[in-house]
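This report is an introduction for a reader who has not met the structure before. It begins with one residue and then widens to the chain as a whole.

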Amino acid sequence: MRVVFDTNVIVSALTFDGTPRRLLNLARHGRFQLVLSPFILKEISRVLTKKFGWEAKTVIMTIQKLSSIANVAEPDIRINVIKSDEADNRILECGIAGDAALIVSGDTKHILPIKNYQGIKILSPIGFLSVLES
């Protein structure tokens, strides 16, 4: 199963204990195929540096590790479904380009309310963990 993690899920996994970290560990152990895009990786770098004060060297190593466990999809289409936060469309684009079955997001305002986009289910981290455990 191919699964896109929104930036907020990855950042949460890297900075806090909880469900996102558990899901990232399951991806590391091959339970499903994590799909990311250059945009998501760049956004992770930006958030870890600016919001959490990570050193550049640590961010670079983290992005390299994420890239090694993920399939990095290069979206070749541009969509504009989410009008209020245009950058969130990049997550949907990654799902399409990466032929994902699921997108996992903590964005309750823009992404989670969509629930399904072009056959790609959109779930919260807890919702995805429930799917994996069933």
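## A buried strand residue

Val35 has a relative accessible area of 0%, so it counts as buried, the cut-off being under 20%. The model is a predicted one. Val35 belongs to strand S2, which covers residues 33-36. Setting aside neighbours within four places in sequence, Val35 is in contact with Arg2, Val3, Val4, Phe5, Asn71, Ala73, Cys94 and Gly98. The last of these partners, Gly98, is 63 residues away along the chain, yet the C-alpha atoms of Val35 and Gly98 are separated by 6.2 Å.

Cys94, another partner of Val35, is among the buried residues of helix H5. H5 runs over residues 89-97 and is mostly covered, with seven of its nine residues buried. Those seven are Asn89, Arg90, Ile91, Leu92, Glu93, Cys94 and Gly95. Just after H5, Asp99 takes a positive phi of about 50 degrees.

## The nonpolar core

In soluble globular proteins, nonpolar side chains tend to be buried together. Here the largest nonpolar core has 43 residues. Phe5, Ile10, Leu36, Ile44, Leu66 and Phe128 have the most contacts inside that core. Which residues does Ile10 contact, leaving aside its neighbours within four places in sequence? They are Phe5, Leu24, Leu34, Leu36, Ile44 and Leu66. Phe5 is thus listed as a contact of Ile10 and also as a contact of Val35.

## The chain as a whole

The protein chain has six helices and six strands. Along the sequence they follow the pattern β-α-α-β-α-α-β-α-β-β-β-α. The C-alpha trace spans about 40 × 35 × 25 Å along its principal axes. How does the radius of gyration of the protein chain compare with that of a compact globule? For 134 residues such a globule would have a value near 14 Å, and the chain has 14 Å, so the two agree.

Of the 134 residues, 44% count as buried. Contacts between residues at least 6 apart in sequence were also examined, and 60% of them join residues at least 24 apart. The accessible surface of the chain comes to about 7100 Å², and carbon and sulfur atoms account for 52% of that area. Among the side chains, 17 are positive and 13 are negative, and the centres of these two sets lie 4 Å apart.

## Exposed loop residues

Most residues other than glycine have a negative phi. Lys115 is not a glycine but has a positive phi of about 70 degrees. Gln118, also not a glycine, has a positive phi of about 50 degrees. Lys115 lies in the loop between strand S4 (102-104) and strand S5 (116-117). Gln118 is found in the loop that joins S5 to strand S6 (120-123), and Gly119 is found between S5 and S6 too. The table gives the accessibility of these loop residues.

| Residue | Relative accessible area |
|---|---|
| Lys115 | 57%, exposed |
| Gln118 | 59%, exposed |
| Gly119 | 59%, exposed |

Exposed stands for a relative accessible area over 50%, so Lys115 at 57% falls in that class. Gly119 and Arg28 are 91 residues apart along the chain, and their C-alpha atoms are separated by 25 Å.

How values were computed. Residues numbered from 1 in each chain as written. Predicted model: local features only at pLDDT ≥ 70, side-chain atom pairs only at ≥ 80, totals over all residues. Heavy atoms only, no water. Core = buried A, V, L, I, M, F, W, Y, C linked by side-chain atoms within 4.5 Å. Buried < 20%, exposed > 50% of the residue type's maximum accessible area, 1.4 Å probe, protein only. Contact = heavy atoms within 4.5 Å. Helix = DSSP H or I, 4+ residues; strand = E, 2+ residues; numbered from the N terminus. Rg over C-alpha atoms; globule rule 2.2 N^0.38 Å. Areas by Shrake-Rupley, 256 points an atom, 1.4 Å probe, with all protein chains shown as cover. Lys, Arg positive; Asp, Glu negative; His and termini not counted. Charge placed at Lys NZ, Arg CZ, Asp CG, Glu CD.
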